[in-house]
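Welcome to this short tour. Open your viewer, get ready to select residues by number, and follow along stop by stop.

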Amino acid sequence: MKPCRIFLVALITGCLLWGGYRAYRAQANLVTLSVRNMEVRRVASKLEWQTWKRIIVNNNVGGKVTLNVHNVPLDEVLNIVGLQTDSRWTRLYPIYSTRKSLAAFNQVLQGNLPPAGNGWLALQQLAAWQQIGLGGFANTLRAENKLVSAQLVNKDVAFTALALSRFSKAQIVPEDGTEGFINLKLQQVPFEKAVAKVARQVHRKWGQVYTLQPLNAATLVQQSVPSSADTNASPQVETNQLTATQDGKALSPDRALEALVSTMTPEERQQTLEQIASASQTAALSPAERQQQMQAGSSAAAQAAQAAQQDMESRIENRLKNGTVDQRIAHDRAVLNKQSGAKQ
């Protein structure tokens, strides 16, 4: 074989191996990146290159980012970026009809278009947790497992999107005018597969995009308001605050809560509803009554901690009194070996 042919084969083989390695890393959403004081949009571009994911940074998000990560999942990297730029990240799954509507969706996320009038009123509604006033129960309602298990029968698109939003840090966003009833029976399937089934049943396409939005307010668009008389005055900026729109499609609070607990087991649902009811009762108390309840809870927690401390001290004392030196050495060595094995 001629040297040039050998070189060509080696080059093609190297390209295939490199492409396969990049494809694996992109599929696993792993990031290796070291940057210092880099503008957030440049960082997002580098993350896109490594993971093959679309990341849209809203116009109102800015700042410098410092990262030094090796084989870290994209979600964790975005958490770091969000902390350094006062932003929040979300993974969105638009269900859309045409490429034009998908382009409008991306423009809305970036802040160049308002949701109303461009087909994406769903983006103008408050997050489900704020919509039904759950506050600190967001983590309770979110599923720890990113795999979806759900059984939904003849549910509309808004109900289905909200029900599935409990899984992972993701949200299904249907385009305006998306109609149909969803029937799903899923058992431990990836979120993307659940989205694909929803899109198929309403005869729509679907996509995936990550977005960084301002942390302090749900502001998607900033519009310049022209001044009336004073032409020398600087243009005023009006931030469009997102509110729960009453467009006839938004779920009522009771219906939204029903959607969020619909994918839970009966035990999880009962526990969650009891916790929400307890929180509602606490919120209805006067400040003095609430303070008294908090003090009572703190006292009970302190007593439980003290009892646990006493129990541990008693066990240590019994071991020292009743065990031999060799037994104590053997016990301590076993504990150390167990801890060392767990770290590995």
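**First stop: a pair of strands**

The model you have open is predicted. Begin by selecting residues 209-214, which form strand S9, together with strand S4: the two run antiparallel and are joined by 6 bridges. To see one of these pairings, show Trp89 and look across to S9, where Leu212 is its bridge partner.

**Second stop: S4 by itself**

Now keep just S4, residues 87-96, in your selection. Is this strand buried or exposed? Of its 10 residues, 9 are buried, so S4 is largely enclosed by the rest of the structure.

**Third stop: a parallel neighbour**

Add strand S6 by selecting residues 170-174. S4 and S6 run parallel, with 5 bridges between them. Two pairs are handy to display here. Leu92 stands opposite Gln171 of S6, and Tyr93 has Ile172 of S6 as its bridge partner. S6 is also largely enclosed by the rest of the structure, because 4 of its 5 residues are buried.

**Fourth stop: a short pairing**

Next, select residues 205-206, which make up strand S8. In which sense does S8 pair with S4? The pairing is antiparallel and spans 2 bridges. Show Ile95 and you will find its bridge partner, Trp206, in S8.

**Fifth stop: two helices**

Leave the strands for a moment and select helix H2 (residues 40-51) along with helix H3 (residues 74-85). Two packed helices are described by the angle between their axes and the distance between those axes. The axes of H2 and H3 come within 12 Å and cross at roughly 175 degrees. An angle over 145 degrees counts as roughly antiparallel, so that is how H2 lies relative to H3.

Turn on side chains to see who makes the contact. From H2 come Val40, Val43, Leu47 and Thr51, while H3 brings Leu74, Val77, Leu78, Val81 and Thr85. Sorted by class, this contact of H2 with H3 holds 7 nonpolar residues, 2 polar ones and no charged ones.

**Last stop: the whole protein**

Finally, zoom out and select everything. How many helices and strands are there? The protein has 12 helices and 11 strands. It contains 344 residues, of which 34% are buried. Switch on a surface view: about 21,000 Å² is exposed, with carbon and sulfur atoms supplying 54% of that area. Among contacts with a separation of 6 or more, 66% are between residues 24 or more positions apart.

Terms used
Residues are numbered from 1 along each chain as its sequence is written. This is a predicted model: local features need pLDDT of at least 70, side-chain atom pairs count only at pLDDT 80 or more; totals for chains, interfaces and linings use all residues. Side-chain values use heavy atoms; hydrogens and water are left out. Buried means under 20% relative accessible area, exposed over 50%, partly exposed in between (1.4 Å probe, protein chains only). Two strands pair if DSSP finds at least two bridges between them. Contact means heavy atoms within 4.5 Å. Accessible areas come from the Shrake-Rupley method with a 1.4 Å probe; for residues, only the protein chains shown count as cover. Axes are lines fitted to C-alpha atoms, for helices over the stretch in contact, and angles run from 0 to 180 degrees between N-to-C directions. Angles under 35 degrees count as roughly parallel, over 145 as roughly antiparallel, 65 to 115 as roughly perpendicular and the rest as oblique. Ala, Val, Leu, Ile, Met, Phe, Trp, Tyr, Cys and Pro count as nonpolar, Asp, Glu, Lys and Arg as charged, and the others, Gly among them, as polar.
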